[in-house]
Amino acid sequence: MPSTIIEKLWNEHLVADLGDGTSLIYIDRVFLHERTGSVALKSLEAASRSVRNPEQTFCTMDHIVDTFPGRTDKTMMPSGTDFIVATRDASHAAGINLFDLGDRRQGIAHVISPEQGIALPGVTLVCPDSHTGTLGGLGALAWGIGSTEAEHALVTKTLVVKKPKTMRVTFTGSLKPGITAKDMILKLIGEHTASGGIGYAIEFAGEAVRNLEIEARLTLCNMTVEFGAWSGMVAPDQKTIDYVKGRPYAPTDDQWDKAVEYWRTLKTDDGARFDKEIVIDCDAIVPQVSWGTSPMHETGIDQSVPDPAAETDEGKRTAIEKALEYMALEPGTAMEGIPIDAAFIGSCTNSRISDLREVAAILKGRKVAEGVKAICVPGSGLVKQAAEAEGLDKVFTDAGFEWRESGCSMCFYAGGESFGFEERVVSSTNRNFENRQGPRTRTHLASPTTVAACAIKGHLTDVRNIDND
Amino acid sequence: MEKFTVLEAIAAPILRINIDTDVIIPSREMKRVSKEGLSDGMFANWRYTEPGGREEQADFILNQEPYRQAKIILSGDNFGCGSSREHAVWALHEWGIRAIIAPGFGNIFYGNCIRNGILPVVLANDVVENIAAQVEANPANNLVNVNLSNCTVTAADGLAHAFEIGPGDREMLLEGLDAIAVTQRRDDEILAFQARDRLKRPWIYLEE
């Protein structure tokens with residue numbers, strides 16, 4: 001019977017069918033970080049349990065660390081140091097691979113795991129972080145878990161998982177200039193809501209997805225959790241294989257050949273059925289920007305802030321009213337022209353070298369508008385190093401951006417740093433929740449290139465017009 | 001883990017959709033490398049007048065009597081979406097919440113509830129709204145009964161609403177099981193899987 005790539009990977013990792021709709025699934029890689037990883041490792045230690053296969057377990061410092069140049073274990077968050085030190089000590093005690101501060105490989109978990117070849121096509125990978133689905137961009141079956149589940153995966157190398165329903169999201173047509181993977185995923189969530197994917201594992205397919213480079217596929221899969229989905233992935237192809245080759249933890253020699261042979265089988269068979277199908281026409285996608293406090297509160301830059309009165313569903317209407325109150329926006333206001341106070345480039349969604357190159361192409365020879373605070377946080381030490389080797393850091397700083405050390409940073413007020421009370425930020429991140437980027441901070445999600453264009457103009461703007469000025 | 005069988009308690013309606021875990025516990029309130037000491041930060045941005053402050057926001061429902069004694073939350077769809085932070089569940093549990101009734105939950109949050117003795121109950125939106133209306137009519141007396149033995153929720157009108165929960169999740173809560181210990185009973189199967197898999201996918205097994 002023809003099967004989907006999701007079913008193939010499920011069956012490949014099936015240790016036991018538990019007979020109640022759940023299965024015991026083998027976990028190839030566990031990734032931890034200092035905020036929840038520290039709690040999980042400490043809890044294991046207290047229960048006298050140990051990590052099985054520590055050599056297949058990885059940990060980074062990303063969630064709490066400062067991103068200021070010359071940083072130490074100290075953070076703006078008073079107790080941040082405790083998390084960093086506890087994670088370091090517990091990682092060493094458990095014998096797992098740690099990407100510590102001062103190691104140039106350190107960075108955001110979902111940026112460094114592809115970079116290091118830890119996430120590979122076809123692996124199961126879990127991390128106590130909701131954006132773990134990012135790694136589906138390489139054809140991995142990856143999903144976010146809680147800290148207690150992480151303990152389970154660490155000790156047993158398995159998780160008890162309810163079999164997901166399958167969904168295929170097909171992006172037809174082709175992306176117009178200035179439109180990115182970020183706009184694709186925002187469009188999907190805007191049209192099909194923040195709960196539209198609950199219970200599903202998703203395969204992203206279609207010509208427009210095949211045409212995306214690997215880092216863009218990681219961006220696409222990154223926000224599947226904002227769609228409510230359990231996981232999302234793109235079937236591996238030659239681009240994936242080329243991307244993985246030569247990475248530190250990737251297979252070599254005859255194992256490489258064996259792996260490639262296997263990876264080429266990882267695709268959905270013709271005629272395989274999905275539980276749900278969604279089709280999105282890429283020809284119609286314009287740059288997307290959020291206006292509210294859920295990623296589903298988003299629209300095209302050429303549109304206006306919605307009127308809650310036009311919403312027939314009461315729950316959604318109340319949510320829109322509350323969102324507009326929080327965001328201090330009036331219904332009917334054109335998105336283009338809303339003034340901003342700050343711009344942020346970073347996060348596991350959009351902080352990779354290709355993102356920084358695209359942003360730099362817009363910033364080159366231009367200046368950030370007066371009064372706009374602009375910050376760039378590369379996703380890893382190696383991304384930062386690569387960008388500096390190309391002179392991108394100079395482009396950013398000449399334009400007026402701060403150039404930082406890697407980490408999750410202001411995506412979620414991580415080390416306790418924010419753009420400020422009621423400041424309006426256009427951000428390349430993934431969540432515009434209330435207070436996400438700091439107390440009363442107002443977030444507008446957008447692609448990195450849109451963030452760059454807005455930073456230059458000092459207001460929300462259509463990146464496609466930036467060259468006309 | 002604490003067992004869950006039947007709960008009859010005050011329920012607090014917070015009927016908004018997409019209540020995310022950043023709302024349930026903001027980043028800055030996760031101060032210690034611990035599963036404890038988090039309830040103070042629960043709903044901090046809605047519960048207190050100032051960020052980081054502790055002066056209560058009078059109009060927030062959990063600051064009002066009798067809802068201060070609530071053990072159940074009634075909510076809109078997609079409760080607990082967003083960040084995987086289990087601190088959200090630890091905070092709710094420590095504050096006293098034992099069941100949450102909503103039309104849907106964030107996937108990771110749902111699993112976190114099961115593993116910490118909180119029962120997530122999925123009921124249709126109109127049922128949740130109906131229960132909320134009954135509660136609001138007389139919150140101290142119109143208690144909500146959540147029964148995991150027969151999988152029903154009953155409000156003041158005596159009408160029992162059946163809900164579904166996976167058998168494994170149900171057993172975990174009813175018996176207060178330790179999930180790791182349960183899986184370890186199958187350790188032979190796991191090791192046999194590894195031995196087979198190592199031959200088929202050797203590149204997965206990095207050198208020790």
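1. Two strands are said to pair if DSSP finds at least two bridges between them, and helices (H or I, at least four residues) and strands (E, at least two) are themselves DSSP runs, numbered from the N terminus. With these terms in hand, one can read that Ala201(A) has Ser231(A) as its bridge partner in β11(A). The model is a predicted one, in which local features need pLDDT of at least 70 and side-chain atom pairs count only at pLDDT 80 or more, while totals for chains, interfaces and linings use all residues. Residues are numbered from 1 along each chain as its sequence is written, and chains are lettered from A and ligands numbered from 1 in the order in which they are written.

2. The bridge just mentioned belongs to strand β10 (residues 200–205) of chain A and to β11(A), which run parallel and are joined by three bridges. These strands are part of an open, parallel sheet of four strands in chain A, with the order β11-β10-β9-β12. At its edges stand β11 (231–233) and β12 (276–281) of chain A, each of which pairs on one side only.

3. Chain B also has an open sheet of four strands with parallel pairing, in the order β2-β3-β4-β5. Because β2 (11–14) and β5 (119–122) of chain B are at the edges and have a single partner strand each, one side of each is left without a neighbour in the sheet. The twist from one strand to the next averages 20°, where axes are lines fitted to C-alpha atoms, for helices over the stretch in contact, and angles run from 0 to 180 degrees between N-to-C directions.

4. Within that sheet, β2(B) pairs in the parallel sense with strand β3 (residues 72–75) of chain B over four bridges, and Pro13(B) has Leu74(B) as its bridge partner in β3(B). Helix α5 (residues 125–137) of chain B packs on the sheet and touches β2, β3 and β4 (99–102) of chain B, its direction making about 120° with that of β2(B).

5. How is chain A divided? Chain A consists of domain 1 (5–276) and domain 2 (288–468), with bounds that come from an automatic or database domain assignment. Between the two, 41 residues of domain 1 of chain A are in contact with 35 residues of domain 2 of chain A, contact meaning that the C-beta atoms of two residues, placed from the backbone, lie within 7 Å. On the side of domain 1 of chain A that touches domain 2 of chain A, the largest share, six residues, comes from α6(A).

6. Which residues touch the most other members of the largest nonpolar core? Of its 211 residues, they are Val126(A), Ala140(A), Ala343(A), Leu74(B), Ile100(B) and Ile101(B). Such a core is a set of buried Ala, Val, Leu, Ile, Met, Phe, Trp, Tyr and Cys residues joined through C-beta atoms within 7 Å; a residue is buried if 20 or more other C-beta atoms lie within 10 Å of its own, exposed if 12 or fewer, and partly exposed in between, with C-beta atoms placed from the backbone. Both domain 1 (5–276) and domain 2 (288–468) of chain A give residues to this core, so it lies between them.

7. Chain B, finally, has eight helices and eight strands, and 45% of its 208 residues count as buried. In the interface between the chains, 51 residues of chain B are in contact with 66 residues of chain A.
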